[in-house]
Amino acid sequence: QNMKMVPLPEKAYGTFFEGDCYIILHTKRTSRGSAVDLHYWIGKDSSQDEQGAAALYVTQLDNALGGNPVQHREVQGHESETFQSYFRNGIIYKKGGVASGFKHVETNMYNIKRLLHVKGKKHVSATEVALSWDSFNKGDVFLLDLGKVLIQWNGPSCCIAEKSRGLMLARSIRDSERGGRAQIGIIDNEKDSPDLMQIMRMVLGERRGELRDAIPDTKADELQKANVRLYHVYEKDNDLVVQEIATRPLTQDLLQHEDCYILDQGGFKIYVWRGKASSLEEKKAAFTRAVGFIQAKGYPSSINIEVINDGAESAMFKQLFQRWTEKDETQGLGKIYTTGKIAKVEQVKFDTTQLHARPELAAEQRMVDDATGEIEVWRIEDLQMQPVNPKTYGQFYGGDCYLVLYTYLRSGRPHYVLYMWQGRHASVDEITACALNAIELDKKHGDEAVQVRVTMGKEPAHFLAIFKGKLIIYEGGTSRAQKSSPEPAIRLFQVRGTDEMNTKATEVPARASSLNSNDQVCYLWCGKGCSGDEREMAKMVADIVSKRDKHTILEGQEPAEFWEALGGKAPYASEKRFQEQITQYQPRLFECSNQTGRFIMTEVVGFCQEDLDEDDVMLLDTWEEIFLWVGKASNAYEKNEAIASAKEYLKTHPAGRDLATPIILVKQGYEPLNFTGWFNAWDPYKW
């Protein structure tokens with residue numbers, strides 16, 4: 001206001017004049033201290049001077065706060081998901097501005113006549129439009145605000161979520177602007193509300209002609225967002241040079257501390273990264289350079305800009321890189337187990353009895369329960385389900401597909417987890433049949449099962465636990481009666497795990513280079529780095545794999561025939577190597593939409609259970625697992641496309657994700673603990 005920063009009363013948060021600019025400071029406590037975001041918001045009718053002043057103040061605030069905040073440039077109608085998450089009840093755009101005498105909060109002002117066009121399902125915004133039937137369309141919610149009366153008119157093709165978010169906004173106007181003294185009326189079907197329609201006609205006149213069709217939102221799809229490019233930005237002889245240096249997958253070492261970079265996410269968002277050791281001039285010029293870059297690229301001026309400081313990167317920025325390592329960081333971005341060249345991986349024991357009391361532990365450990373439930377296993381044979389002999393439960397062959405139904409009791413009633421295990425050498429037909437049979441099996445259990453897609457070698461923690469240390473994975477072949485190929489004469493199995501909850505044996509090529517000094521072979525080969533617990537588990541597995549006598553061999557004391565069987569001695573992984581540590585991954589929630597034929601995801605920042613709407617398919621990404629939550633009222637097309645959407649999400653993820661990440665399908669009302677634990681204060685009775 002008059003080029004100065006003037007604080008806004010809290011009641012006015014979420015209301016913006018189109019002729020003004022605003023600055024928003026948001027601070028949130030995190031496990032590593034606090035995360036600070038600074039946004040400057042540009043109204044569509046604001047002056048160039050005001051825009052310049054806002055950008056300048058943000059830079060000054062950033063300096064005052066020690067260069068830690070992430071800075072954002074927001075343009076009216078195109079705000080970032082982070083910005084929208086601050087205003088849970090929605091954002092209201094008002095005509096005019098402070099300069100033209102408008103005040104922000106005038107409570108109990110009843111001589112009002114305005115029409116608000118409400119848009120959005122997850123993030124709601126309301127724009128003041130002309131008081132005329134011409135402003136209406138069939139697909140959105142409109143709010144006629146007459147001071148003492150608020151009439152919510154729902155378009156015939158609105159969904160439940162849009163209607164309920166519209167009502168939240170109407171209540172918020174009533175409570176914050178009218179001191180709670182206003183009536184709200186709702187028109188869901190014009191024929192059923194003659195009195196309210198009469199008021200609308202008095203204000204807007206008679207309606208002539210048909211209503212317009214809904215206007216689809218133009219949103220960036222996932223393919224566009226996956227197209228990340230990194231540019232080096234520097235000055236040369238007073239000219240700004242922008243040089244492309246890499247495309248996806250990007251690696252962290254491309255960012256040098258002496259320089260500044262621009263990361264272009266498919267023209268959907270622009271990030272500016274400022275190196276610690278870059279000059280003050282360079283740091284100051286960040287926003288101007290980003291705006292110049294947008295103009296040079298011919299992008300719309302409404303595009304989001306985020307300015308990030310070296311060492312204080314946002315979660316959104318970090319996940320655009322293949323892997324991101326923090327200094328002094330101990331917790332990995334998902335543990336990476338590769339059979340082969342990594343020796344010793346420390347496993348941490350945890351107490352399963354605590355899972356029900358602490359769902360966040362269930363989420364962190366990726367455990368549904370304590371794994372004491374019932375198991376049934378079927379193999380896919382001639383595209384049908386064939387029961388597997390319970391004596392061989394836990395043995396999986398790479399040439400087959402299996403269905404594993406796990407049943408456990410919670411609050412006295414059965415809950416189900418259905419695992420679809422896909423062998424590496426199974427045919428496409430078998431994999432498809434496996435998925436189809438899973439749907440049938442789920443139907444038999446009242447459509448209540450949590451479905452988990454498991455790729456061979458990527459078995460989730462709970463899957464290991466339910467087989468009590470007897471999980472053995474054979475590289476190829478089949479467990480069918482009539483086997484097509486003879487079993488190999490020499491087999492080598494790598495055993496990993498310290499107790500019944502976390503052990504599995506995986507067949508590896510019978511060569512010396514497959515040895516890893518923490519693993520064992522029958523001979524029982526004990527690496528120098530393995531613990532007594534691991535040896536005990538290996539003995540148990542050895543009895544299942546082979547009925548022959550067991551010879552225990554210690555590393556360094558192998559007889560000649562042992563090496564002969566493996567085709568001669570060769571180098572193998574022996575030192576205690578630890579994996580590279582990667583940043584703790586923040587879980588992210590997205591609304592998935594596939595209706596337009598384009599795959600579009602909308603992120604919900606700072607999510608909670610309220611964000612799961614009955615007509616949604618939501619994707620929760622916890623890095624090691626992908627959950628798909630399916631609402632009761634979601635449409636059949638999106639339900640059927642859910643798994644395909646999750647695969648598409650992994651494929652287009654800028655960080656180049658592992659396509660074998662487990663995908664878990666969860667239905668509304670039947671959420672397991674390892675899902676609800678990611679939400680703060682989950683209410684099991686909400687639905």
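Begin by selecting strand β8: Val-141, Leu-143 and Asp-145 point one way from the strand, Phe-142 and Leu-144 point the other way, and all are buried. The model on screen is a predicted one. The arrangement in β8 illustrates a general pattern: in a regular strand the side chains alternate between the two faces of the sheet. Strand β8 covers residues 141–145, and 5 of its 5 residues are buried.

**The neighbours of β8**

Next, add strand β6, residues 114–119, to the selection. Strands β6 and β8 run antiparallel and are joined by 5 bridges. To find one pairing, select His-117, whose bridge partner in β8 is Phe-142.

Now select strand β9, residues 149–154. This strand is also antiparallel to β8, and 5 bridges join β8 and β9. Display Asp-145 of β8 and look across to β9, where Leu-150 stands opposite. Then follow the chain from β8 to β9: the two strands form a hairpin with 3 residues between them. Select Gly-147 in this turn, which has a positive phi of about 85 degrees.

**Helix α3**

Proceed to residues 160–177, which make up helix α3. Its 18 residues reach 25 Å from the first C-alpha to the last, close to the 26 Å expected at 1.5 Å a residue. Which residues of α3 are buried? They are Ala-161, Glu-162, Arg-165, Gly-166, Leu-167, Leu-169, Ala-170, Ile-173 and Glu-177. Just after the helix, select Gly-179, which takes a positive phi of about 55 degrees.

**Strand β30 and its surroundings**

Move along the chain to residues 626–630, which form strand β30; 5 of its 5 residues are buried. Colour its two sides separately: Ile-626, Leu-628 and Val-630 lie on one side, Phe-627 and Trp-629 lie on the other, and both faces are covered.

Add strand β29, residues 617–621, which runs antiparallel to β30 and is joined to it by 5 bridges. Here Asp-621 has Ile-626 of β30 as its bridge partner. Strands β29 and β30 form a hairpin with 4 residues between them, and Trp-623 in the turn has a positive phi of about 70 degrees.

Where does β30 pair in the parallel sense? Select strand β31, residues 663–667, which pairs with β30 in this way over 5 bridges. Phe-627 of β30 stands opposite Ile-664 in β31. Finally, show helix α14, residues 636–652, together with β30 and β31: these three elements make a right-handed β-α-β unit.

Conventions
Residues are numbered from 1 along each chain as its sequence is written. This is a predicted model: local features need pLDDT of at least 70, side-chain atom pairs count only at pLDDT 80 or more; totals for chains, interfaces and linings use all residues. Side-chain values use heavy atoms; hydrogens and water are left out. The expected span of a helix is 1.5 Å times one less than its number of residues. Buried means under 20% relative accessible area, exposed over 50%, partly exposed in between (1.4 Å probe, protein chains only). Two strands pair if DSSP finds at least two bridges between them. A crossover is right-handed if, with the strands pointing away from the viewer, the path from the first strand over the helix to the second runs clockwise.
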